[in-house]
Amino acid sequence: MSRAPRACLYVEYLYPVVSGGRVPFAGGIEVQLNLMGQGLARRGWDVRAVTCDYGQPDPFVAGGITLHKCYPPTAGLPVVRFLHPRLTLGVSALWRADADVYLFRGASLWAGIVAMVARARGRRFVWLTGHDHDVMARLPDVHGPRDRSAVRYAIRHADAIITQTRWQHDSLLAEFGRESTVIMNSVEVPPATEVLDAGAGTDLVWLSTYKPEKRPEWFTRFAERHPNVRCRMAGVVPLPPLDDRAYHVALEARSRAAGLEVRGLVPRHEVPDFLKGAAVFAHSSPAEGFPNTLLECWARGIPSVSSFDPDGIVEREGLGACRTDYESWERAIEERLADAERRRREGARARAWVERHHAPDVVHDALHAVLESCR
């Protein structure tokens, strides 16, 4: 019998995004991939996703995506847990998904494993970049020869590759000799009635993950040096065995900064409320792919001051500012906090940019075309 074309994404932490708050964790990549899966489902694809086992039913359907569970995220004994339960149950779930096209975003061991499963089944594999570091030949975020070998296998054997920016496209071609299609990330675009007036806002906001590479200390330093500015930060607190020291350092800074508010994870449905009253979004990470938080703020009319600028968009399009050293970053924030009309202009341009380039219909039509061409 004929059936709809089937796509399968391997996203270990997808279930927390769709759990309705039952599991309190959701990163930017997981949010993006959930939106991507929903977009493909609306275009006639039977979308499957392999995700960790949090005790949910199997299969579990959410937003048009059928989730197959693999292994509990903390199960198994150190050293041997890679073989079981991770490899055994992960491969089993990928096999059960029985997809025509398998997709994986990012550079990790599982990129290679998903590619191998697709190849073993005679199916197609699409690799999507998740970070600028993914297209560097030395793979700086991938540790150990086994994992680096797996990522290189995925890149070498991908039937199609999707990069997030022109910089990633050009770097991948230069470093790995592989062509790719540039498709920028999508973001839910709220109705015009939910767009915020950045000119009337007073707060500086930060939304990310509390880990050293995101440099949350830039934000707390600003708060300590500007006690009259209300500075609100929130984000994912890494769970054991990951390091959560950056979060505790931020909590300590709160006692020294009168206007600093420090929160942990903000559930997805509460992000719009968290952003209310924002004048500027502060982004402090020096390296990214295409940050989901930037897109979410731009979609609501909030300009950004960042230390990372994908393809130079922030500066070129006038959506805020990008400054790579702390002192310049601080001055750019100060300038905007002092100029309400500038914030309104930049916020309006940011909203318009998202509508033209990151709206789900725009992005998912392009993704659908790539998958159709390679299946």
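Which strands does helix 7 (residues 216-225) lie across? The legends below take up this question and others, using a predicted model.

**View 1. Helix 7 and the strands it crosses.** Helix 7 lies across strand 9 (203-209), strand 10 (231-236), strand 11 and strand 12. With strand 10, the helix makes an angle of about 160°. Helix 8 (residues 245-254) also packs on the sheet, where it touches strand 10 and strand 11. The direction of helix 8 is at about 145° to that of strand 11.

**View 2. An open sheet of six strands.** Read across the sheet, the strand order is 11-10-9-12-13-14, and the pairing is parallel. At the edges are strand 11 (260-262) and strand 14 (320-322), each of which pairs on one side only. On average, neighbouring strands in this sheet are turned by 20° against each other, direction ignored.

**View 3. Strand 12 beside strand 13.** Strand 12 (residues 278-282) and strand 13 (residues 304-306) run parallel and are joined by two bridges. Which residue of strand 13 does Phe281 stand opposite? The residue facing Phe281 is Ser304.

**View 4. A nonpolar patch on the surface.** Leu77, Val79 and Val80 make this patch, which covers about 340 Å². Val80 is located in the loop that runs between strand 4 (65-69) and helix 3 (83-97). Why does Val80 count as partly exposed? Its relative accessibility is 45%, and the partly exposed class lies between under 20%, which is buried, and over 50%, which is exposed.

Notes
Residues are numbered from 1 along each chain as its sequence is written. This is a predicted model: local features need pLDDT of at least 70, side-chain atom pairs count only at pLDDT 80 or more; totals for chains, interfaces and linings use all residues. Side-chain values use heavy atoms; hydrogens and water are left out. Patches are made of residues with over 30% relative accessible area and no salt bridge: like charges are joined within 9 Å, nonpolar side chains (Val, Leu, Ile, Met, Phe, Trp, Tyr) within 5 Å. Accessible areas come from the Shrake-Rupley method with a 1.4 Å probe; for residues, only the protein chains shown count as cover. A salt bridge is a side-chain nitrogen of Lys or Arg within 4 Å of a carboxyl oxygen of Asp or Glu. Helices (H or I, at least four residues) and strands (E, at least two) are DSSP runs, numbered from the N terminus. Buried means under 20% relative accessible area, exposed over 50%, partly exposed in between (1.4 Å probe, protein chains only). Two strands pair if DSSP finds at least two bridges between them. Axes are lines fitted to C-alpha atoms, for helices over the stretch in contact, and angles run from 0 to 180 degrees between N-to-C directions. Contact means heavy atoms within 4.5 Å.
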